[in-house]
Amino acid sequence: MLSLSSRAVLITGCSSGIGYTVAHGLKQRGYRVFATVRQAKDVVRLQQEGLESLVLDLQDSQSTHQAVQTVLAQTQGQLYGLFNNGAYGQPGAVEDLSREALRQQFETNLFGTHELTCQVIPIMRRQGEGRIIQNSSLLGLVAFPYRGAYNASKHALEGLTDTLRLELTGTGIYISLIEPGPIKSRFRDNAYVRFKQYIDVPTSAHHQVYAQLEQRLLTQGAVVPFTLPPEAVLKKVIHALEAPRPQARYYVTVPTYLLATLKRLFSSRTLDWIIRHLPN
């Protein structure tokens with residue numbers, strides 16, 4: 001078995017939040033970490049912090065391909081782990097989502113992640129081992145209102161990942177889903193940018209709800225109950241990388257454990273009532 005220092009791990013979405021914390025945490029543990037971001041300015045910042053960093057834009061196939069080739073050139077063609085963390089949330093009622101808004105959500109959260117995953121699988125097949133970790137969401141298990149685009153992208157990611165897990169049986173490649181729930185990050189800041197870009201509030205039948213939604217997105221320091229720091233996700237990533245038989249799914253926060261259980265126990269009608277009365 002290779003030492004941790006010989007195990008290269010590629011991570012997407014490392015400019016802040018979960019990706020940033022996991023990149024630093026794995027490096028401190030001894031892994032060789034390649035922390036990728038969308039913007040060159042963030043590459044410089046992460047390099048100054050001691051990380052190996054490069055640009056990888058999940059909406060750009062050429063960028064994804066170039067990043068993988070750059071990593072392989074520096075690791076003699078080896079890659080032990082991939083943590084697909086890069087994603088964002090597009091707020092808005094389903095009926096207000098344009099085709100373009102939905103397409104952009106899927107380009108990052110599903111299509112780009114899928115393309116990157118498919119590029120590393122042949123590498124791991126040749127090695128006879130590898131770990132692929134998909135950062136999904138509580139909203140990949142249940143749906144919250146006004147999160148339709150994000151709900152759909154994460155449900156689709158879960159479906160692809162479950163299928164891939166079956167297809168990779170016996171290859172030495174293990175694939176796991178992480179279901180974080182509320183984690184402290186810049187997720188709301190990024191969501192607000194997309195909200196303003198794609199949602200026409202004044203013409204919407206949901207404009208009164210949007211006023212409250214915008215307030216929540218703009219409130220600095222607003223915390224959903226049971227929010228955990230991103231280090232909680234790091235712990236699960238380490239287990240998925242190092243356990244002889246990693247779990248198919250890793251729940252992280254109380255809301256994830258709770259709602260996953262309620263989904264199994266209650267009818268859709270009852271679960272809908274519970275979700276409508278939850279803070280989100």
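## Exercises on a predicted model

Thr-161 is buried, its relative accessible area being 1%, and the model in which this value was computed is a predicted one.

**Exercise 1.** Describe the surroundings of Thr-161, starting from the helix that holds this residue.

*Solution.* Begin with the helix, which is α5, covering residues 148–167. Next, take the side chain of Thr-161, which has a polar atom 2.8 Å from the backbone oxygen of Leu-157. Finally, set aside the neighbours within four places in sequence, and Thr-161 is found in contact with Gln-134, Ile-175 and Leu-177.

**Exercise 2.** Decide whether Asp-42 and Arg-45 are each buried or partly exposed, and describe how they pair.

*Solution.* Buried means under 20% relative accessible area, so Asp-42, at 12%, is buried, whereas Arg-45, at 27%, counts as partly exposed. The two residues form a salt bridge whose closest N and O atoms are 3.0 Å apart. They stand three residues apart in helix α2 (residues 40–48), which means that about one helical turn separates them.

**Exercise 3.** Work out which parts of the chain are linked by the salt bridge between Asp-162 and Arg-249.

*Solution.* The side chains of Asp-162 and Arg-249 meet at 2.9 Å, N to O. This pair links distant parts of the chain, since Asp-162 lies in helix α5 and Arg-249 in strand β7 (residues 249–251), 87 residues apart. Both residues also belong to a network of salt bridges that includes Glu-158, Arg-165 and Glu-179.

How values were computed. Residues are numbered from 1 along each chain as its sequence is written. This is a predicted model: local features need pLDDT of at least 70, side-chain atom pairs count only at pLDDT 80 or more; totals for chains, interfaces and linings use all residues. Side-chain values use heavy atoms; hydrogens and water are left out. Helices (H or I, at least four residues) and strands (E, at least two) are DSSP runs, numbered from the N terminus. Buried means under 20% relative accessible area, exposed over 50%, partly exposed in between (1.4 Å probe, protein chains only). A polar contact is a pair of N or O atoms within 3.5 Å; within protein, one must be able to donate a hydrogen and the other to accept it, and residues adjacent in sequence count only if both atoms are side-chain atoms. Contact means heavy atoms within 4.5 Å. A salt bridge is a side-chain nitrogen of Lys or Arg within 4 Å of a carboxyl oxygen of Asp or Glu.
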